[in-house]
Amino acid sequence: MSQLKNDRYLRALQCLPVDYTPVWMMRQAGRYLPEYRQLRSKAGDFMTMCQTPELACEVTLQPLQRFELDAAIIFSDILTIPDAMGLGLYFESGEGPKFKKSISCISDIEQLPIPDPEQSLKYVMDAIRLTKKELNGKVPLIGFSGSPWTLATYMIEGGSSKAFTKIKKMLYSEPKALHQLLEKLANSIALYLNAQIQAGAQSIMIFDTWGGVLSHQSYQTFSLDYMQQILSQLKQGKKSQDITSYIPVTLFTKGGGIWLDRIINTGCDAVGVDWTVNLSQITQKGKIAVQGNLDPSVLYARKQTIESNVEAVLNEYGYHNGHVFNLGHGIHQDIPVENVQHLIEAVHRLSKRFHHD
Ligand code: CP3
């Protein structure tokens, strides 16, 4: 028997029946929570919080103390890998992530090390081990990474970008160099995610935040193929009576709704979808799990509007197994906390009629 007190999230990812639709939110531990802002100002900065396992653990648990969430996600960032490769990650207030060194040519790429997850990324593994212990089976713990393509965008652009001109220039003029970087990232990510599984992560999510900026051909060869390569290297275990013996993997390409069939074909367990996707048009529901897809801006609205939008998402998914309720992207930092409370409560209450356990 599994030692999990709440296994709805893992059951939904395996398309098994549940009593109501499990829900968690991307960026559920973050700046919209006053206790997060308080801890961050005490810690000094974001990276210190990520790199101090006790703080990362505390922040991971903060939203679970307030809301009846069905999963926890380890507090960290997708940019830990490029940082461990020596690029020097830092955050400037209001400007998002930046790197001291960026990647511009093949020799930069050749020099990048493949980080040993129990060395330069040990702080993430320690945070997972500690959080797993503290959770004590309350809900499952999600581990994560960025996709190779998404990490490469930050490494080549030197930080956040709007037009992705540097990486696209490399894609079309030096494709071999870019492939070499993506290959190195895929290998690093597979090691990193397997170490997270070893440390206790019970499900894995890969964030392909910027896959949607690619052309339909490039998406396949520069993003999806590398995510598939990672999938083939992950030690997912085997499905059994004990739900926790198998580690499901969710692939989330923001803006990837037009490529859902291709994403599903990778053999992932779940697809994450943003709010541009109509869940009623996904044909393989019940065979593959789907995570999503409320527009995070709905959370600015009044209670009734939140409720009617939750209802709409649940209706679109319908009576199939395999739905994990989430936002279509991360929660905004100025969302009122009580609106999140309404959302979680509404998902649990309104989803009951879609399940007969
Ligand atoms: O979801 C969670 O609660 C777990 C923690 C988590 C963070 N980042 C914490 C964070 C996760 C899963 C991420 C993933 C991440 N990080 C992504 C992929 C998901 C997505 O949003 O598409 C990306 C692209 C990043 C890179 C990154 N990190 C950016 C662009 C920023 C700046 C965001 C901003 O609005 O300023 C970060 C910093 C970051 N990561 C914060 C948090 C809570 C804010 C840091 C702070 O100022 O306290």
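Me: How many disulfides does the structure hold?
Reply: Zero, a disulfide being a pair of cysteine sulfur atoms within 2.5 Å. This is a predicted model, where local features need pLDDT of at least 70, side-chain atom pairs count only at pLDDT 80 or more, and totals for chains, interfaces and linings use all residues. Residues are numbered from 1 along each chain as its sequence is written, and side-chain values use heavy atoms, with hydrogens and water left out.

Me: Why is there no bond at Cys 57?
Reply: Because the closest cysteine sulfur, in Cys 50, is 13 Å from the sulfur of Cys 57, too far for a bond.

Me: Is Cys 57 buried or exposed?
Reply: Cys 57 is buried, at 5% relative accessibility. Buried means under 20% relative accessible area, exposed over 50%, and partly exposed in between (1.4 Å probe, protein chains only).

Me: And what about Cys 105?
Reply: Cys 105 has a relative accessible area of 33%, so it counts as partly exposed.

Me: Switching to the ligand, which residues are closest?
Reply: Arg 27, Tyr 36, Arg 40, Thr 209 and His 329, out of 22 that surround the ligand (a heavy atom within 4 Å).

Me: How does that shell divide?
Reply: Into 14 nonpolar, four polar and four charged residues. Ala, Val, Leu, Ile, Met, Phe, Trp, Tyr, Cys and Pro count as nonpolar, Asp, Glu, Lys and Arg as charged, and the others, Gly among them, as polar.

Me: What lies 2.7 Å from a nitrogen atom of the ligand?
Reply: An N or O atom in the side chain of Asp 77. On the oxygen side, a polar side-chain atom of Arg 31 is 2.7 Å from a ligand oxygen, and a polar backbone atom of Gln 28 is 3.2 Å from a ligand oxygen.

Methods. Polar contact = N/O pair within 3.5 Å; in protein donor to acceptor, adjacent residues only side chain to side chain.
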